[in-house]
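Please walk me through this protein structure, beginning with its pocket and then moving out to the chain as a whole.

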Amino acid sequence: MSIKTEEELCLYNIQQAIEVLGGKWSFLVLGQLFCHDVQRFNQMRRTLKHISTKSLTDTLRHLEQNEIIKRTVLPTVPVTVEYSLTEKGRDFKTIISEMRSWGEKWGEGKE
């Protein structure tokens with residue numbers, strides 16, 4: 001892609017970030033992993049009450065494929081799978097923090 005203007009470069013870079021993150025649940029999964037360094041699947045599913053099992057699975061796979069999170073399989077019986085942020089994923093901390101601040105200021109019930 002040939003980028004001609006600063007505006008096109010700006011929009012292109014934003015588009016790249018959105019594609020890496022994926023859908024709406026990605027931000028909430030990242031938020032969970034910022035609050036708790038390591039999470040298991042069912043811990044996230046219980047906390048993110050409105051997400052379906054399929055959506056959470058798809059979101060985790062997408063984030064793992066894009067190297068935002070790391071999936072660790074522990075040799076327990078039954079097998080334990082934990083998710084944590086990679087260095088690339090931790091780079092989103094500023095963005096997630098700003099989203100939290102914006103939500104506190106302008107979220108539902110704020111005027």
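Which residues line the largest pocket? In this predicted model, the lining is made up of Phe-27, Leu-28, Gly-31, Phe-34, Cys-35, Lys-93, Ile-96, Ser-97, Met-99 and Arg-100, and the space that lies in the pocket comes to about 260 Å³. Two elements stand out when these residues are placed on the chain, for helix H2, which covers residues 25-35, and helix H6, which covers residues 93-106, each contribute at least two residues to the lining of the largest pocket. The idea behind such a search is a simple one: a probe the size of a water molecule is rolled over the atoms, and this shows where empty space is left.

Turning from the pocket to the whole fold, the protein chain contains six helices and three strands, and a reader who follows the sequence from its start meets them in the pattern α-α-β-α-α-β-β-α-α. The C-alpha trace of the protein chain spans about 55 × 40 × 25 Å along its principal axes. Among the contacts in the protein chain with a separation of 6 or more, 49% are made by residues that sit 24 or more positions apart.

The surface can be described in a similar way. Of the 111 residues in the protein chain, 25% are buried, where buried stands for under 20% relative accessible area. The protein chain exposes about 8,300 Å², and carbon and sulfur atoms supply 52% of that area. As for charge, the protein chain carries 16 positive and 15 negative side chains, with the centres of these two sets lying 9 Å apart.

Definitions and conventions: Residues are numbered from 1 along each chain as its sequence is written. This is a predicted model: local features need pLDDT of at least 70, side-chain atom pairs count only at pLDDT 80 or more; totals for chains, interfaces and linings use all residues. Side-chain values use heavy atoms; hydrogens and water are left out. Helices (H or I, at least four residues) and strands (E, at least two) are DSSP runs, numbered from the N terminus. Buried means under 20% relative accessible area, exposed over 50%, partly exposed in between (1.4 Å probe, protein chains only). Contact means heavy atoms within 4.5 Å. Accessible areas come from the Shrake-Rupley method with a 1.4 Å probe; for residues, only the protein chains shown count as cover. Lys and Arg count as positive and Asp and Glu as negative; His and the chain ends are not counted. The place of a charge is taken as NZ of Lys, CZ of Arg, CG of Asp or CD of Glu. On a 1 Å grid over the protein atoms alone, a cavity is a set of points where a 1.4 Å probe fits but cannot get out, and a pocket is an open set with protein on both sides within 12 Å along at least five of seven lines; lining residues have an atom within 4 Å of a point. Grid points are joined across faces, edges and corners, and a volume is the space filled by probe spheres set on the points.
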